[in-house]
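Here are some short exercises to work through with the model open on your screen. Try each task yourself before reading its solution.

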There are 2 protein chains.
Amino acid sequence: MQHRSFADARCPIARSLDVVGEWWSILILRDAFRGVRRFDDFQESLGIARNMLSRRLKRLVDAGLLETRPYSARPPRHEYRLTDKGRDFYPVLMTLMDWGNRWARRRHSAVPLSRLTREPLDPVLIDRATGQPITPATVVMRYPGSGAAS
Amino acid sequence: MQHRSFADARCPIARSLDVVGEWWSILILRDAFRGVRRFDDFQESLGIARNMLSRRLKRLVDAGLLETRPYSARPPRHEYRLTDKGRDFYPVLMTLMDWGNRWARRRHSAVPLSRLTREPLDPVLIDRATGQPITPATVVMRYPGSGAAS
DNA sequence: TCCACTCAGTTTCATAATTAAACTCACTGC
DNA sequence: GCAGTGAGTTTAATTATGAAACTGAGTGGA
């Protein structure tokens, strides 16, 4: 039982997609951030086929974004929880959410608010060191063999 | 010729994935940001099957992230270019890239640098209004029916 | 003891998506 | 003419996905 791979080891985007690029994986992570932990709850929340859910969870656990934790010994039951690696995926979900709210708007949509101000969030990506916004114009890529290009 | 849909219209993440969640779509956008514009160049760069590339490009054009532009009338030829909607997808690619570089590291990997300092970027998501970092702890979601939850 | 129920899957089979390779079509340049 | 280019389609074989039924360890009640 393989999963497809984009296999361009030099590209960090391709490597990320190797782990989360399959159908459902990102929505499973979204649910995990919402607090969903159990097999049947994921299944009902997503409407995913049970065998697919089983595979995706396995993959996410193998990749280290989720971990299983027993919450009952008798009967033996466990739940799926985000690891640090999984929690660190949050910015991807937020930028996806923001893009969806900006460009694929619907009348009724979930909106992220600042916990402080209760105002809708306006997420911006900046560089921690310089404070500069990160845009195609402010970034150069450095590829394995030295140099730099846009 | 349908494409699958997650169909949860209230979730902006699901709506985004409706457009870019299929295999290859995100890597096509990545290549577009790198400057790739022509069918055969995408095909060679990605190693994608030509009929799949054709479908994905069509979908991305229909969804408004790419547009076709003739660059020669005789012979009739066109290229694919990012629209504003497509360019606005950049933060998703950057957060994916950052996650990949942090958690799926390889010896030789492309790394984004600040154009100013030529130092590796350390992308952080902040709220434009408050300047606060955006993390699960600083966000509450507002769902269509009023209230708020984590 | 028997029966119904829960959770977390697995199995089976039908349907849909993806791939590789070959083919099309409108040109150009020799 | 004839080979070559760019941008795709078509076809047939391979994979992935989905729906529904089934499994297995255990609980709780009659």
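**Exercise 1. Sort the residues of the surface near DNA strand C by class, then find the closest ones and their polar contacts.**

Step 1. The surface near DNA strand C divides into nine nonpolar, five polar and 11 charged residues. Here Ala, Val, Leu, Ile, Met, Phe, Trp, Tyr, Cys and Pro count as nonpolar, Asp, Glu, Lys and Arg as charged, and the others, Gly among them, as polar. This is a predicted model in which local features need pLDDT of at least 70 and side-chain atom pairs pLDDT 80 or more, while totals for chains, interfaces and linings use all residues. Residues are numbered from 1 along each chain as its sequence is written, chains are lettered from A and ligands numbered from 1 in the order in which they are written, and side-chain values use heavy atoms, with hydrogens and water left out.

Step 2. Of the 25 residues that surround DNA strand C, the closest are A:S54, A:R77, A:H78, A:Y80 and B:R56. A residue counts as near a strand if one of its heavy atoms lies within 4 Å of it.

Step 3. Look up the elements: α3 (39-46), α4 (50-62) and β2 (77-82) of chain A, and α4 of chain B, each supply at least two residues. Helices (H or I, at least four residues) and strands (E, at least two) are DSSP runs, numbered from the N terminus.

Step 4. Now the polar contacts, meaning pairs of N or O atoms within 3.5 Å. A polar side-chain atom of A:S54 is 2.6 Å from a phosphate oxygen of DNA strand C. For A:Y71, a polar side-chain atom lies 3.1 Å from a phosphate oxygen of this strand. A:F39 uses a backbone N or O atom, 3.5 Å from a phosphate oxygen of DNA strand C.

**Exercise 2. Describe the surroundings of DNA strand D.**

Step 1. Among the 26 residues around DNA strand D, those that come nearest are A:N51, A:R56, B:R77, B:H78 and B:Y80. By class, this surface has nine nonpolar, five polar and 12 charged residues.

Step 2. The element that gives the most is α4(A), with five residues.

Step 3. Of the strand D atoms within 4 Å of the protein, 62% belong to sugar or phosphate and the rest to bases.

Step 4. B:R77 places a polar side-chain atom 2.7 Å from a sugar or linking oxygen of DNA strand D. A side-chain N or O atom of B:Y71 lies 3.1 Å from a phosphate oxygen of the strand.

**Exercise 3. Is B:R59 buried or exposed, and which residues does B:R59 touch?**

Step 1. B:R59 lies in helix α4 of chain B.

Step 2. B:R59 is buried, because its relative accessible area is 19%. Buried means under 20%, exposed over 50% and partly exposed in between (1.4 Å probe, protein chains only).

Step 3. Leaving out residues up to four places away in sequence, B:R59 touches B:H3, B:D18, B:V19 and B:E22. Contact means heavy atoms within 4.5 Å.

**Exercise 4. How many residues of α1(B) are buried, and what covers them?**

Step 1. Nine of the nine residues of α1(B) are buried. B:D18 and B:V19 are among them.

Step 2. The cover includes α2 and α6 (90-103) of chain A, together with α2 and α4 (50-62) of chain B.

Notes
Polar contact = N/O pair within 3.5 Å; in protein donor to acceptor, adjacent residues only side chain to side chain.
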